[in-house]
Structures are given as structure tokens and as C-alpha cells.
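The following exercises concern the fold, the helix packing and the surface of a protein chain. Please examine the sequence and the model before reading each solution.

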Amino acid sequence: KNPHRSAKKMSGVESSLKAYVRSAREKVNSSLAGVENSSRPATEGFVSRVAPIVNQLRYAASRIPHVREKYPAAIVGGVTMGFSIPALLTRGRFAGVMAGVVAGSTAALGLSVSDWLDKHE
């Protein structure tokens, strides 16, 4: 048996394998490029629709300190109701009351600590 002959066969198999891998890579790259190009208009449409909402959220976030100073009782009441009603409806009376107590006292404590920090800066 000639060792050079088997080496030539291996190189033929190796070259065909390399050609197959190259072809597969090119097909995958072209498919990915097509997907990227086809999804770009959808992304741009989504961004153009979300941008006004993001701007409104930024404006609302900038107003939070002013609202907190004017309506602390409403904030505590809203947090209490927001946590106690779902717990009351899903878990029962005791869990609803406890969720309201914990949420309301946490909100009140957060507001009072925040006010104290603002005064002692």
C-alpha cells in the first residue's frame, strides 16, 4: 500500500469538506443578512411608536419629587390600596390586611426618611 495515495484521497475528502463548510457558511451569512434587512423596518416602526411614550415617562419621572411633596397621604393610600386589594382578592382577608399594613407603613417610612434626608443635606 502506498502511503502517498491515501494522503491524496484524504486531501480530496478534506478539500470537499472545506468546500462544503465554506458553502454552508456563505448560505448562513446571506440568510442572516436577509433576516436583518427584513426586520429593520419593523424595529424602526417600533422605536418610532415607543419614543413618545418614553418621553412622557421621562416627564412623569421628573415630576415625582413635586408630587411627593404635595400629596404624601395620597401616595401612602395608593400604595396601600395597590398592594392590599389584590392580596385581599387572591389570598383572603388576613393576607390583604397584612399586605396593606406592610405596604402602607413602608411607603410612609420611605416618605418620612426621604423628607428627613432632604432637610439634612
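**Exercise 1. Fold and surface**

The chain holds three helices and zero strands. The model is a predicted one.

Task: State which pattern the chain follows along the sequence, and what share of its residues is buried.

Solution. Step one: reading along the sequence gives the pattern α-α-α. Step two: a residue counts as buried when its relative accessible area is under 20%. Buried residues account for 9% of the 121 residues in the chain. Step three: the accessible surface amounts to about 10,200 Å², and carbon and sulfur atoms contribute 66% of that area.

**Exercise 2. Packing of α2 and α3**

Task: Determine how helices α2 and α3 are oriented relative to each other.

Solution. Step one: locate the helices; α2 spans residues 72-91 and α3 spans residues 93-119. Step two: their axes come within 7 Å and cross at roughly 160 degrees. Step three: angles over 145 degrees count as roughly antiparallel. The two helices, α2 and α3, are therefore roughly antiparallel to each other. Step four: the crossing in which α2 passes α3 is right-handed.

**Exercise 3. Two sites involving α3**

Task: Decide whether Met 98 is buried, partly exposed or exposed, and identify which residues form a nonpolar surface patch with Trp 116.

Solution. Step one: Met 98 is placed in helix α3. Its relative accessible area is 38%, and the class of partly exposed lies between under 20% and over 50%. Met 98 is therefore partly exposed. Step two: Met 98 and Ser 84 stand 14 residues apart in sequence, and their C-alpha atoms are 7.6 Å apart in space. Step three: Trp 116 also lies in helix α3. Leu 109, Val 113 and Leu 117 form the nonpolar patch together with Trp 116. The four residues of this patch have a combined accessible area of about 410 Å².

Notes. Residues numbered from 1 in each chain as written. Predicted model: local features only at pLDDT ≥ 70, side-chain atom pairs only at ≥ 80, totals over all residues. Heavy atoms only, no water. Helix = DSSP H or I, 4+ residues; strand = E, 2+ residues; numbered from the N terminus. Buried < 20%, exposed > 50% of the residue type's maximum accessible area, 1.4 Å probe, protein only. Areas by Shrake-Rupley, 256 points an atom, 1.4 Å probe, with all protein chains shown as cover. Patch = residues over 30% accessible without salt bridge, like charges linked within 9 Å, V, L, I, M, F, W, Y side chains within 5 Å. Salt bridge = Lys/Arg side-chain N within 4 Å of Asp/Glu carboxyl O. Axes fitted to C-alpha atoms, helices over the stretch in contact; angles between N-to-C directions. Parallel < 35°, antiparallel > 145°, perpendicular 65-115°, else oblique. Left-handed = near helix turned anticlockwise from the far one by under 90°.
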